[in-house]
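Dear colleague,

Please find below the structure I wished to pass on to you. My notes on selected local features follow it.

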Amino acid sequence: MKKIILILNFQFLIFNCLFASTHTGADFLKLAGGARIISLAETSAAAKLDASSFFHNPAGIANSESEITFSHSSAPQGDAVMQYIGGIYSLKKHGALAIGILSYRITPIPVTDEFNYDMGELIWNDWAFSVAYGRNLFYNLSAGINLKYIYRYEKNPIFGKTIGNAQAIDFGILYNVAFARNLKIGFSCENFGTKVIYSNDPVKDDLPSSVRCGLSYNILNNRENNFDISFDFLREKDDLFRPRFSGEYSYLNWLFLRGGYINKAGKINGTNFGLGILWKDFGFDFASAVNSVFDRTTYISFFKKFY
């Protein structure tokens, strides 16, 4: 119990000291990753994470199996594409390593002058490269860290090319409560690092850093059925604490049904839901997520596990 109180006090101190009112750039880093965690309303503080979402709390990969994954999503209007590829390599008792590449691309936008003369296209690409390590520190406490390099590219027919880059770190802890075997408590910090520096622009953008805490609890676990629930609180810069909760049911460890409620800045709130199928070593995940007041976005992921 004293350990839990210490963790909660530490989280409260971090929440109240980390944030000041600043402008942020590279908002694509807020993208959650793969379809599974998105269908779970991004409740990732205390969950066992996969190769598409380990950056939310790198401690969540400490006991993960080796796997590779690919995720894809397009904006409802078709003007942007998110893609992700990543993998986890299990080191058994020594934890796990993970790598990931996140790409966010805007569909090229035609640029014309006042006489409607074609001047070219506006091109805008964002990339994030991640390398993470997580392991058990004690029998019931794990920790993890993720190093991230951010690269932004913009080509404007009027102002030319602009390249931006930054470095960031994600880190977190995950605690298995000793007196409640099915209860886990997690805490993480995401996207803390340097400002985004641009090649031909004096403006420097802060990264969209955030902190989150949460818990997960296994309600049901037998040979056929498993059911987990998760609760998270997320705070981003210039925003309030926002709650989210989810549930994941699995049947015979091959069919997975997921859903949850998410609350985001900009009056974006509602239900995310999805499903997953695991056949032998191959899997597929699908998610439908609230994207704005009016739109929803679809995510798909494919993965292969190596036991």
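In this predicted model, the charged end of R235 is placed over the ring of F241, at 5.4 Å from the ring centre. A second arrangement of this kind involves K304, whose charged end sits over the ring of F306, 4.2 Å from its centre.

Turning to contacts between rings, the structure contains seven aromatic pairs. One of them joins W127 and F129: the ring centres are 6.2 Å apart and the planes lie at 5°, so this pair is stacked. W127 is partly exposed, its relative accessible area being 28%, and F129 is likewise partly exposed, at 35%. Ring pairs also connect F54, F55 and Y84 into a cluster.

The backbone deserves a remark as well. Most residues other than glycine have a negative phi. E42, although not a glycine, has a positive phi of about 60°. E42 is found in the loop between α2 (35–39) and β1 (66–74), and it is buried, with 7% relative accessible area. D238 also has a positive phi of about 60° without being a glycine. D238 belongs to the loop that runs between β11 (225–236) and β12 (241–251); with a relative accessibility of 48%, D238 counts as partly exposed.

Lastly, the cysteines. How many disulfides does the structure hold? The number is zero. C189 is buried, at 2% relative accessibility, and C213 is buried too, with a relative accessible area of 14%.

With kind regards

Terms used
Residues numbered from 1 in each chain as written. Predicted model: local features only at pLDDT ≥ 70, side-chain atom pairs only at ≥ 80, totals over all residues. Heavy atoms only, no water. Helix = DSSP H or I, 4+ residues; strand = E, 2+ residues; numbered from the N terminus. Buried < 20%, exposed > 50% of the residue type's maximum accessible area, 1.4 Å probe, protein only. Disulfide = S-S within 2.5 Å. Phe/Tyr/Trp six-rings, centres within 6.5 Å; stacked < 30°, edge-to-face > 60°. Lys NZ or Arg CZ within 6 Å of the ring centre and 35° of its normal.
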